[in-house]
Structure formats: C-alpha cells, structure tokens
Amino acid sequence: MSALPMAGVPANINTVGLTKNDYRGAPTTLCAGCGHNSISNQIIAAMYEMSVLPENVIKFSGIGCSSKSPTYFMNRSFGFNSLHGRMPSIATGAHFGDHSLKGIGVSGDGDTASIGMGQFKHVMRRNLNMVYIVENNGVYGLTKGQFSATAERGLELKKQGANPYMPVDICMEALISNATFVARSFAGNAKQVKELLKAAFAHNGIAVLDIISPCVTFNNQDNAHYSYAWGRDHEEPLHDITYIAPRNEIVLERELAEGEVREVAMHDGSVIILKNLGKGYDPTNRFEALRALEEAQRNNWLTTGLIYVSTEKPALAETYNLVDTPLNRLTDADLRPAPAMIDKVNALMF
Amino acid sequence: MNKVVNDFSITVGTKNGSGSSTANNTILRAIFKMGIPVSGKNLFPSNIQGLPTWYSIRASKDGYLGRRDELDIVIAINPDSFTRDLASVAPGGAFFYADDIKLPITRADIAIYPMPIKELVKKDPNIPADYRDLVGNMIYVGALARMIGIDIEKIQAALTFHFKGKQKPIDMNFHAVQAGMEWAKANLEKKDPFYLEPMNKTDGMIMADGNTAAAIGSVFGGAQFVAWYPITPASSLAEAINDYMPMLRKREDGKHTYAVVQAEDELAAIGMTVGAGWSGLRSMTSTSGPGLSLMTEFAGLAYYAEVPVVIWDVQRIGPSTGLPTRTSQADLSFTVGMGHGDSDSIVLLPGDAFECFEFGWQAFDIAERMQAPVFVLSDLDMGMNQWMSKPFEYPKTPMDRGKILWEKDLEELKGNWGRYLDKDSDGIPYRTLPGNKHPMSAYFTRGTGHDEYAKYTEDSSVFIRNMQRLKKKYETAKKYLPKPVLHAAKGATVGIIAYGSTESAILEARDQLTRDHGMKIDILRVRAFPFTAEVDEFVREHEQVYVVEMNRDGQLHQLLSLANPEAATRLISVAYGDGLPASAKWIREGILAKSAGEKKSTAKKPSLKKSNKKGAK
C-alpha cells in the first residue's frame with residue numbers, strides 16, 4: 001500500500017524520494033512574522049506532501065516583498081523574478097517552453113491589483129496552467145508603507161493619513177475575468193492555506209489564491225482589515241477543505257460520511273473534499289460565488305475557502321494543440337521547413 | 001515629342017477604402033511581369049475609409065526603384081484631392097481623371113484624359129450594382145494600359161494571382177479592364193510621351209513586401225513563439241506568420257511546434273516573448289514605435305537577465321503617435337540606447353525584402369548565440385510595400401542554438417556550473433532551460449543584481465565584474481553580425497553611409513551626382529549595430545562621409561560620430577524625415593547643399609591626418 005513507507009526507506013521520504021529539505025529555498029530576508037514566510041512554508045509542505053518533483057515546477061514572481069519569496073522555497077525549481085506587475089506575461093511565454101511543467105506564481109496586492117491589474121485579468125482569460133498566489137496585505141512594504149489598491153477605505157497608516165478609495169477585491173476580479181479556480185485564505189490559517197495550495201496545484205488551469213498575509217511592520221494594527229487580529233476575529237470559512245491525492249479512496253470512505261460533504265473531482269484524479277460548515281456552499285456555481293463575495297464585502301467578513309472551481313475549461317496550452325514533446329526540446333528537423341519548401345514559398349510570391 | 005520608355009512614375013489618387021489597391025497592384029504586377037523593374041509605394045492615411053490616399057508606381061529600366069519625386073502620370077479618382085493632384089503633374093506629364101468630377105482643368109502643359117468611369121460601369125450588365133465602385137477602379141487600369149502599353153495578358157496574370165485563381169472575380173475585373181481599354185482605344189488620342197516596352201530585367205525575381213518576407217524568414221528560422229499586439233505598420237508581419245506557419249510547419253499528426261499569441265498590449269507581448277525565450281524557444285515579437293516604447297522595461301530585463309528574443313520594429317514616424325502610416329528611420333537612437341541604466345543593444349538593419357527574409361532567420365541565431373535581445377529595424381516602406389527581390393534562399397547554416405546545457409551536459413560537469421560564469425572568456429555564459437530534470441539545472445533568474453551563480457547580490461565588485469562581462473559579450477557579438485554592403489566607385493574620396501530602405505534612392509542619387517557633378521562616391525550600407533570594423537575603416541578612408549537617413553536629427557550620424565570621434569568633423573549629416581520614402585532628389589540636393597563648392601576630386605584616398613576638413617566654400 002502506497003501510503004505506508006517501504007521497508008528500509010526512512011519515513012520522511014516522499015514517493016519521489018525526496019525529503020522536505022529538498023523543497024526548501026534560501027533563508028528568507030523578509031520581516032520576522034511576515035505572513036509571506038508562513039505561506040512559503042506551506043508551499044514547501046504541500047509540494048513535499050504531494051510528492052511533486054521540483055524540476056516539474058517553475059516559479060514566477062513580479063516585484064515586491066511577495067515577489068521575493070520564490071527564492072525562499074524550492075531551490076531545485078527554475079524561477080523567474082520578473083518585472084513589477086508583469087509576472088503573468090513572463091509565465092505565459094515560459095509555459096510554452098515546456099507545457100508539461102506547472103507554474104507557481106507569487107505576487108502581491110500592489111503587483112497584481114495596481115500595476116499588474118491588466119495582465120492579471122488577461123491571464124485569467126487565457127487559463128494558464130499556474131497557481132497564482134496573491135500575498136495580500138493591503139500595503140506596499142518594500143517602499144515603506146503606502147496604501148495598496150486592496151486597502152480598505154478609511155484605513156489609517158503612518159505618514160499616509162486615511163485611505164480615501166474603495167478597495168479592489170482580487171477574488172471578485174478573478175471571477176469576473178473568468179478564472180477557473182478562485183480561493184481566499186488567511187496566512188494565520190496554515191492548514192487551510194496548505195490544503196488550498198494542494199487543490200490549486202491539482203487544478204488544470206489558472207488557480208487564484210488570494211491569501212490575506214499580514215504585514216507585521218506597516219499594516220498590522222488590530223483594527224486594520226489585513227492584520228492578524230482582524231483576520232482571526234472575522235474569518236468565515238465556507239467549509240473545511242481537505243485535498244485527497246489520486247487513488248487514495250480509503251481515506252475518503254473512512255473519514256467522511258455522505259451528506260455533510262461535497263466532493264470536487266480534479267483533472268489529475270485527485271479529489272477536494274469540502275466539509276460543509278452549515279452553509280451548503282456550492283463552489284461550482286459562479287453566481288453563488290459572486291454572491292458570497294458580495295456578502296463578504298457588505299458584512300466585513302473574511303470569507304475563506306474554495307470560492308469557485310470549474311474543471312471543464314481547457315488550460316492554455318491545450319488550446320494550441322502542441323506536440324507532446326516540450327517545444328524547447330525540438331530540433332532543427334522539427335523547426336526548419338524542408339529545403340523544397342523555399343521553392344514553394346517563392347512560387348507563392350508574385 | 002521624344003518617347004519616354006520604361007522610365008516614369010504613375011500616381012493614383014483615390015479614396016482610402018475604395019478598393020483601389022487591387023487596381024494599383026494589378027498595374028504594378030503587370031509591369032513587373034513585362035520584365036520592367038518596378039516599385040509601388042502606398043502613401044496612405046491613418047483611416048479606414050474616406051480620406052485621400054495615393055499609390056505611386058515607378059517603372060525604371062535602369063532599376064532605380066526609390067520613390068520618384070516627379071509625378072509623370074497622375075490618375076485622379078478622388079474629387080477631394082483633384083485640384084492638388086492636377087497641380088502635382090510634372091510639366092509634359094499626363095493626367096487621367098474620372099469625368100464625373102466637375103472641376104476646372106487649369107493645366108495646358110500636360111496631356112489631359114477624362115475617363116467616363118461611372119458611366120461605363122453603370123451600363124455594363126456584367127458588373128453587379130454592388131461591385132460598381134470596386135470594379136470601377138479597373139476602368140482606369142484599362143485606359144492606362146491602352147495609353148502606355150501595358151500587356152493585357154500580364155494584367156490577366158496579375159488578376160489571377162490577386163484573386164488566387166477564383167474565376168468569378170478575375171472575370172469581372174478583367175472585363176472592366178477590357179472595357180476601359182476599348183473605350184480608350186476609341187476615344188483617346190495619345191498626347192503624352194510615356195510608353196512601356198517589354199524587357200527581361202525581372203527574370204527570376206519575385207515581388208514581396210518586407211513584412212511577409214520577415215515572417216517567412218522567421219518561420220525558416222524555426223520561430224516557435226510569437227506574441228504581438230496590433231499596430232500599423234507591423235501587424236501584417238505577425239499576420240503573415242499566422243498565414244505561413246500552418247503550411248510550412250505542417251506535421252502529419254496535425255500538432256503544432258509553435259504558438260502565436262495576440263497579447264493584450266505590447267507590455268504583455270514582449271513579456272511573453274521574454275518568458276518564451278527564457279524557457280528556450282525561438283521567440284519573437286513585432287511592433288512599431290509606440291509599442292517599442294512600451295517594451296523598454298522588458299528589453300532592459302532581457303539585456304540584464306540575458307534572455308534571447310527577437311524584436312522587429314517596423315518603423316513609422318514619431319514622436320508619439322506621429323504619422324502612423326508614414327515611414328521613417330527615427331527609432332535607431334532609441335533602440336541603441338534602450339533601457340535605463342547602462343545597456344547595449346544588438347540591432348540588425350535590413351535593406352530590402354530579401355534581407356527581411358535573411359534577417360528573419362539569422363536574428364534567432366544571433367539572439368540565441370548571444371543570449372540577448374536582437375532588434376530588427378525595418379520600416380513602413382520596406383515592410384508594407386511590394387519590393388522586387390531576389391528569390392528567398394534556404395538558410396545556408398544550421399540553426400545556432402547557442403550555449404545550452406541539458407541533463408547529459410550537467411552529468412559530465414557533475415552539476416558544477418554557473419549561469420553567469422564566463423567559462424569561455426567570450427562574455428557569453430551557459431544556460432539551462434526549464435524542464436531540465438537534472439537536480440542542479442535550476443537557477444533563479446532576476447533583473448536584480450546577481451553573481452555568477454545567479455544568486456542575489458549587491459556586492460559592488462560582483463556588480464562591476466558582471467557589467468564588464470556584458471560589455472565583453474557585446475564585443476563578441478560583432479563577429480556574428482552581418483557585414484555592411486559596399487558599393488564602391490573607382491577613385492572615390494567621398495563616401496555615403498546609410499542603412500535600410502534608402503539604398504535604391506541613394507544609388508540613383510549617386511549616379512546623378514557622378515553624371516552631373518563629377519562626384520565619385522563610395523556607398524556603405526550599414527547592416528548592424530554595434531558597428532563592425534568595416535564601418536570604422538570606411539569612415540577613416542574617406543575625406544567626407546555623408547550620412548543619409550530618414551529622420552530629423554541624424555541619428556546614424558550621431559552614432560557614427562560617437563564611434564569615431566576623431567572623424568566627427570568629416571561626418572556630414574544629410575537627414576530628412578517627412579514620412580515619405582526617400583527619393584533620389586532629396587538625397588542629391590541634400591548632399592549638394594552640404595558640399596557646396598565641392599570640387600571634382602581625383603585625389604587618392606587620404607590618410608587620416610590630412611582628411612579632417614569639410615568641403616571648402
């Protein structure tokens with residue numbers, strides 16, 4: 001049985017023969033207590049537990065505190081720390097190099113909801129096969145504490161006064177742009193972050209994770225919507241989420257009874273188990289998802305969980321009918337037309 | 001009246017969107033098929049329908065295919081531009097016009113031919129009412145053909161090509177051509193001197209626009225990823241890739257070895273292109289001035305992170321939105337200095353449709369060899385107009401994918417490698433590509449400071465070392481770049497340096513200067529930046545060097561002066577940019593104005609010491 005360790009193999013080795021250490025990155029240079037670090041740790045845990053080969057992942061980011069974090073996990077994965085707000089385009093192009101690879105993109109609220117809003121919305125439309133994490137703290141950290149576009153109206157920050165503008169809701173923007181997987185979580189809820197990361201990774205297409213990730217230096221006052229304290233007080237999980245790897249039905253039968261759970265079958269054979277918390281929430285219903293987000297806005301709830309998922313739409317590469325061999329392994333023979341074709345082309349000119 | 005044979009211009013003034021391009025291309029192609037060297041230039045407005053537009057055709061037995069300033073034959077179909085068109089005809093020229101335009105004819109020094117286009121089309125039962133305006137253009141083709149002697153069979157060949165063999169439109173249009181011919185035969189008396197007579201000077205040649213040539217060249221170069229955003233005059237380049245890819249890269253399994261993505265803007269277009277280049281694809285984008293401006297930040301990233309990408313800039317005239325449908329050579333300075341901070345650029349400068357094809361595939365080899373962005377500067381005239389060309393030639397060298405380490409290479413190195421290590425002392429490091437399964441293959445790419453192993457650092461000495469290596473890399477680049485083209489003249493002490501689409505007009509201007517002013521001039525057409533040694537040599541070896549280009553500030557002149565400070569006083573700028581393709585006239589006059597009093601020199605080529613003066617007054 002695959003769940004049990006093989007004889008002679010240490011228990012801390014996963015099915016691709018790696019230890020958790022093999023998923024680590026360079027030591028973080030972010031502030032102690034930064035929500036982003038806990039998210040990096042959950043990425044490490046999720047990838048280890050899912051037995052993902054690091055060479056099968058490409059990391060992407062833009063610019064900002066959040067965008068530094070891909071250095072802090074999965075050293076053995078290729079990474080591209082690109083330009084402010086432009087991670088989606090870099091990731092889109094890179095994906096065509098080897099479309100068997102899965103992207104993990106890490107962005108922030110400035111990188112996504114301000115300078116990168118255009119690319120964010122268009123990468124949703126294209127359904128790039130990537131987990132798009134927004135480490136959302138409502139504030140610009142590296143430039144020392146300016147409002148971001150997700151900051152709540154009325155937020156007061158040192159030197160900035162009160163924020164006069166309405167916030168951008170990243171999940172709402174994603175949903176409206178036809179994202180196929182939209183979730184919100186809270187860095188203070190590590191277990192949920194990890195399970196959502198696994199579900200997002202299993203999703204075939206773009207998976208947006210809007211993770212409220214407090215900035216302990218510039219925006220962690222108890223009354224700020226992006227603080228740990230506010231998150232703990234206002235979190236309203238839609239459900240308890242558990243990711244079940246492919247071919248692990250035994251766990252399913254034993255632990256979860258019919259009726260109180262909802263199952264979402266993922267593209268790779270895995271299953272997301274959503275244990276209802278008295279809400280009967282259906283994340284496959286886009287209309288209901290928009291309603292849930294609207295309700296959260298009106299009531300100042302931090303609604304977390306899998307807000308929306310659609311497993312039917314083709315991911316970007318599938319719409320291009322690519323050869324099975326990764327494009328970056330093709331040779332002259334595949335790429336340069338035969339010599340006879342030059343005559344054909346010349347004949348087509350006048 | 002002396003006959004003028006195979007050496008005149010035809011300009012058609014119509015309304016944009018009136019379907020005249022079929023008629024004008026038919027004239028152009030028919031002349032080409034008669035074996036007469038010919039060029040066609042569309043001088044069009046930024047508009048979909050209604051504004052005046054001109055199409056200028058030049059037949060030249062001597063092969064001068066630059067724009068001709070003198071308008072010999074003018075065909076006026078557009079009432080809005082009628083008065084201007086009439087005034088534009090050179091003395092002794094000919095003026096054809098649609099006789100439904102009831103405006104005064106004020107010229108007695110030219111031949112005047114009214115044509116009852118509307119009437120002929122209206123009473124012809126073979127032309128459906130819906131098609132009258134479109135097909136009506138063919139009446140002037142017929143009348144012109146009759147008056148100057150365009151071969152009717154060649155017109156049919158041109159129409160067959162244009163309509164891809166579809167008989168119905170071919171017949172309908174050909175019928176209208178014949179109607180125009182017959183009417184002219186019966187009603188017009190020849191009063192102008194212009195005649196076409198068959199030659200054999202286009203044998204074995206093709207006609208192509210530079211954007212199509214660039215697209216096909218890119219496909220033969222193994223293009224795998226194209227991201228683009230629509231912009232005049234570059235759109236037809238990416239569209240031609242879409243047209244030719246399926247045919248040229250067809251596989252039995254029906255699957256694709258490439259992807260073409262229309263991005264949401266030029267930021268995303270270049271971003272995707274950089275992403276794909278980084279992951280190991282032959283990756284390109286095409287744009288024009290405003291798009292290139294948007295691409296600046298990514299170009300800097302590609303420079304510093306060392307990512308191969310090919311960026312075609314089909315130049316139009318700026319600044320800002322400028323004249324979106326007019327040509328220019330004014331993006332050179334911008335491209336050369338693109339990006340904040342210190343940077344270098346590799347710029348290829350094709351001169352015609354054939355070189356658009358050549359540089360189409362070569363640009364990928366250079367980009368991947370150098371791990372750097374390669375800009376290719378074409379222009380609207382080259383990109384969108386039909387140019388006579390040698391047939392495209394199959395690439396002579398295999399694809400150069402540059403320095404890439406795959407799993408077996410890393411095995412041999414025992415995983416010991418550094419992304420930015422100058423292992424070969426040529427400034428070019430090795431790279432790995434995503435998907436490489438060797439556990440030591442991955443590295444973290446960034447636009448921030450990095451050491452030889454791609455690790456983040458702000459260490460001053462590491463920064464300097466990396467910047468010096470980049471400098472060395474761009475020095476290495478010179479040996480991979482196309483050499484300039486020299487048109488030598490015996491005993492010349494004066495030179496012209498230029499680049500791009502102006503070559504034909506410059507050759508014509510030189511011949512005129514030699515004929516009328518005894519000036520012997522060598523011409524060097526630069527084909528790449530950074531300049532190779534041949535360019536500096538040419539500057540050294542000439543008393544005066546006129547730098548001819550289509551812009552206001554003499555950008556190439558500035559770059560040459562920077563590269564050859566000791567020769568700066570001998571470099572003379574002849575720059576002019578009005579959005580129209582270069583003509584021999586402005587080049588000739590520009591050079592004469594700058595060399596007023598220049599004496600006919602037969603002196604030997606000067607040494608550096610005695611050659612530091614401009615032409616004396």
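Me: What sets the domain bounds in chain B?
Reply: The bounds come from an automatic or database domain assignment. On that basis chain B is divided into domain 1 (4-195), domain 2 (208-389), domain 3 (407-480) and domain 4 (485-594). The C-alpha centres of domain 1 of chain B and domain 3 of chain B lie 60 Å apart. This is a predicted model, where local features need pLDDT of at least 70, side-chain atom pairs count only at pLDDT 80 or more, and totals for chains, interfaces and linings use all residues. Residues are numbered from 1 along each chain as its sequence is written, with chains lettered from A and ligands numbered from 1 in the order in which they are written.

Me: Why is chain A called as compact as a globular protein of its length?
Reply: The globule rule is 2.2 Å times the number of residues to the power 0.38, and the radius of gyration is taken over C-alpha atoms. For 350 residues the rule gives 20 Å; chain A has 21 Å, which is close, so the description applies.

Me: What makes a residue of chain A count as buried, and what percentage do?
Reply: A buried residue has 20 or more other C-beta atoms, placed from the backbone, within 10 Å of its own. In chain A, 51% of the 350 residues count as buried.

Me: Which residues is L144(B) in contact with, leaving aside its neighbours within four places in sequence?
Reply: Contact means that the C-beta atoms of two residues, placed from the backbone, lie within 7 Å. With those neighbours left out, L144(B) is in contact with I27(B), I75(B), F96(B) and I150(B).

Note on methods: Buried ≥ 20, exposed ≤ 12 C-beta atoms within 10 Å, placed from the backbone.
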